[in-house]
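Here's a quick walk through the ligand sites in this model and the chains that hold them. Have the structure open while you read.

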Amino acid sequence: MFATKDLEEADRLMRICNACRYCEGLCAVFPAMEMRRTFSDGDLNYLSNLCHQCGACYYDCQYAPPHEFDVNVPRTLSKVRTDSYRSYAWPRAFAPMFERNGLMVALVASLSVAVFLIGFMAWSDPGVMFSTQTGEGAFYRIMPHNAMVAVFGAAFLYAIFAMWMGFNAFWKDIGASGERLEGQSVWQAMKDAGQLRYLDGGGVGCMNEDERPTDMRRHYHHATFYGFMLCLASTSVATIYHYAFGWEAPYSWYSLPVILGTVGGIGLVVGPAGLLGAKWTRDRAMSDTGRFGMDIAFLAMLFLVGATGLLLLFLRATPAMGTLLAIHLGFVFGFFITMPYGKFVHGLYRFGALVRYAMERRAAGLVGA
Amino acid sequence: MSSETARDRASEILARRYDVLVVGGGNAALCAAINARRGGAEVLVVEAAPRFYRGGNTRHTRNLRCAHDEANEVLTGPYPEEEFWDDLLRVTGGETDEELAKFTIRESKELWDFMNEQGVRFQPSLGGTLSLGRTNAFFLGGGRALINALYLTAEKLGIEVLYDAEVTDLEIEDGFFSAAAVSYAGREHRVEAKALVAAAGGFEANIEWLTEAWGPEAENFLIRGTPYNKGSMLRMLLDRGVKQIGDPKQCHAVAIDARAPKFDGGISTRLDCVVFGIVVNRNAERFYDEGEDFWPKRYAIWGRLVAAQPDQIGYAIIDSRSIDKFMPSIFPPIEAGSIEELAGKLELDPGKLRATVDGFNAAVQPGNFDPNALDDCRTEGLAPEKTHWARTISEPPFYAYPLRPGITFTYLGVRVNKRAQIIMDDGKPSANMFAAGEIMAGNVLGQGYLAGIGMTIGAVFGRIAGREAGNYVRN
Ligand SMILES: Cc1cc2nc3c(=O)[nH]c(=O)nc-3n(C[C@H](O)[C@H](O)[C@H](O)COP(=O)(O)OP(=O)(O)OC[C@H]3O[C@@H](n4cnc5c(N)ncnc54)[C@H](O)[C@@H]3O)c2cc1C
Ligand code: SF4
Ligand code: SF4
């Protein structure tokens, strides 16, 4: 019947929830569930990706363990969700990356840091690599700009392509591929995702350690997400400066790329650190503890990208610059190529699920709130 | 906390003297504790259940009924006091104390604000319960979310709470309470307090007591809520000179899925399919008009109807045209390609079930089926007739759901006055004993049921009991 035991369990829970419905006001999962009476694998994958793991329905459930019905929606949907990432991975041969993901990502990251360090040492002049470099084009004396663009452009494009393929598999699996995508639904999903509307336990806050609501995870996630976006913006502005105006990095402290990158970098340090802390104190009962590796690897990568970026910024006028550049670029490269094979995809599929949810609500005539 | 430190803490808590001892841990108990504490009293709440099961049947609730003069962000329109009173009068058939009932209804107007102040959040009526959107305020996240919010408030206010702590004896002399015996971890502790609030729920989980009232049939009843509501407080009070109200046989009993667990199956075991087919008993015979009225209105009579059948079991039988017309159920329907096969699976006499279905089908009159109205689809020439939504049971596959009486709520209780004071046999109110919730609900609800009124009675009298107990202690 169901592809996995976890999907079977999710089906059992959704049937109980559909007869109960007390959690209807907490998030999008329950209203989406109510639009169905039976649940296919694709439906369950959709619902699991719609879940933001706020935990409210675990503490609010009269059937949570130790009750004999053993209803643990956050944990079960979390397992189903992670399995779904694996099943959408492109190319299929890389799907095993999702097993022992923490280890795999750590390996790829250290390898790519090592390659950059060794590469820099092998190809650039040691006199340049370990001495103070300042002025326009300081970074490119170590790694030529064109080489940087080629390597990172290729890695980034590959990641985008692999994720696009994964997203298509997801979209098809949840039964949305035949439907017309309207702008309004996408816009609704952007608003819901941008605010993390469904990480608020229906308005009281998300629950992490116990039934006391807290909004900290939402704040840390905002720091992470918007930090990441600012870093992307910083790189984009710098690229425009380079090609459109011929201004070469490093830029001054008050230049746009540096301001964006600094604020973004701080977000990428504070956000993941906070989320890691929250993960640490989170009630194990509602977590899929077997999958912590993936979450931790992703948060650690973001943190390291942010932290090495900030270090590079502060120490760019010292002899440490060359080494730091290698380390930072190593982490960024590792991050890019593991993007399609780690926790990063949660944002993509969750966003897709939100779009789908907005489409379903429109189709059912429930537009608005 | 290790079990040893937990026991030490408990011993220390139980060794203290309190102003107000609140017995129970549900809606009524917490409302009382919060109000007494806000009035300045030192309060101890003793809850017989472990922490997870705290809040008795309140854990299973979803809404409360409150009078209000205007719509708000959740309630869709006004629900005036008079209308509430008319509704109550109708369902109880007059089995209510008019003064207390009208007082409850007036006080219910304050519950919206009160609950919000305690951190309880509301949401619009749930899918499938639109008929209650105007009159009933639904708890966001359900009753356990409400209970969590109330305990959080209690904790912030400095109310002591002890779980796994059952009151097993009461010292009462001439209507005056002095101390209670609290059993915790196998030991009895004597706890003194200046006032007592009894908010320990009904006795629906006490099968023996139900059997006394109902006879051996009660063995086959399912208990929808907590196994901890054994009515021990109620019994102790009645045995120590407190005036009784209500009839032990009166209760809220609905027909639920017979496959539900004996205790604590809660809301998700209910079945809404009765109006769409026929219901037969062990002998494969129909016994009541399945289409008498809309399901929400008829919901509460089917428990008694099934309880009156042999072996206290019934079977709702529908065909493929109706299977998705009602709220989905937690248990899958029993499915078969023919009536005989279905009878086999239900262990009913196949010939008899065939005859009942055939007889029913032959009596169905032509009409326009409309689940949203009292339509004109009915039978003619049957005993009993089905007066609405009668369609033949003829399109396989056929489906069945087994039904048993599920007890929600008992009405036998202690007599109280408007100050929530417990009334003694001699008619005099006790100076320092108060009651709230299901343990005194029979004062207002002697018979029948009005969705959401259990929580209303608990919150109204809980607040008053807390306030009055606090006042008593101060003076
Ligand atoms: C499935 C279900 C759904 C319901 N839905 C609704 C609804 O939506 N709206 C509504 O208004 N009503 C509903 N009810 C009825 C409602 O649950 C009760 O009316 C209400 O909870 C009673 O509140 P209470 O505080 O008096 O008792 P409870 O909430 O039952 O609490 C009683 C507490 O007392 C404790 N206790 C018992 N004996 C002792 C002792 N000797 N010492 C210490 N502690 C003791 C128990 O452990 C329990 O926690 C529902 C009931 C059920 C079963
Ligand atoms: S999680 Fe529990 S309370 Fe919430 S809808 Fe499901 S069964 Fe009901
Ligand atoms: S954990 Fe939160 S987001 Fe997920 S289903 Fe439960 S309430 Fe919804």
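## Ligand 2: a mostly nonpolar shell

Sorted by class, the residues around ligand 2 come out as eleven nonpolar, one polar and one charged. Keep in mind that this is a predicted model. The shell counts 13 residues, and the ones that come nearest are Cys17(A), Cys20(A), Cys23(A), Cys61(A) and Gln62(A).

Which element gives the largest share of that shell? Helix 1 of chain A, residues 5-20, does, with three residues. As for where ligand 2 sits, look in the second largest cavity.

## Ligand 3: the largest cavity

Ligand 3 sits in the largest cavity. Two elements of chain A give two or more residues each to the shell around ligand 3: helix 2 (29-34) and helix 5 (73-88).

Here, too, 13 residues surround the ligand, and the closest are Cys27(A), Cys51(A), Cys54(A), Gly55(A) and Cys57(A). How many charged residues does the shell around ligand 3 have? There are no charged residues in it, just ten nonpolar and three polar ones.

## Chain A as a whole

Both of those sites draw on helices of chain A, so here's the wider view of that chain. Its secondary structure comes to 14 helices and two strands.

Chain A has 369 residues, and a compact globule with that number would have a radius of gyration near 21 Å; the chain's own value is 22 Å, so the two agree. Along the principal axes, the C-alpha atoms of chain A fill a box of roughly 70 × 40 × 40 Å.

## Ligand 1: over in chain B

Now for ligand 1, which has 40 residues around it. The closest of them are Glu47(B), Thr58(B), Asn229(B), Glu438(B) and Met455(B). By class, the shell splits into 15 nonpolar, 20 polar and five charged residues.

Two of those closest residues also turn up in polar pairs with oxygen atoms of ligand 1. An N or O atom in the Glu47(B) side chain is 2.5 Å from a ligand oxygen, and for the side chain of Asn229(B) the distance is 2.8 Å. Ala28(B) joins in through its backbone, with a polar atom 3.0 Å from an oxygen of the ligand. On its own, ligand 1 has 990 Å² of accessible area, and the protein covers 98% of it. The elements of chain B that give two or more residues to this shell are helix 2 (27-38), strand 7 (165-173), strand 16 (398-410) and helix 13 (453-474).

How values were computed:
Residues numbered from 1 in each chain as written. Chains lettered and ligands numbered in written order. Predicted model: local features only at pLDDT ≥ 70, side-chain atom pairs only at ≥ 80, totals over all residues. Heavy atoms only, no water. Near = heavy atom within 4 Å. Polar contact = N/O pair within 3.5 Å; in protein donor to acceptor, adjacent residues only side chain to side chain. Areas by Shrake-Rupley, 256 points an atom, 1.4 Å probe, with all protein chains shown as cover. Helix = DSSP H or I, 4+ residues; strand = E, 2+ residues; numbered from the N terminus. Nonpolar A, V, L, I, M, F, W, Y, C, P; charged D, E, K, R; others polar. 1 Å grid on protein atoms, 1.4 Å probe; cavity = no way out; pocket = protein on both sides within 12 Å on 5 of 7 lines; lining within 4 Å. Sits in = over half its atoms within 2 Å of the grid points. Rg over C-alpha atoms; globule rule 2.2 N^0.38 Å.
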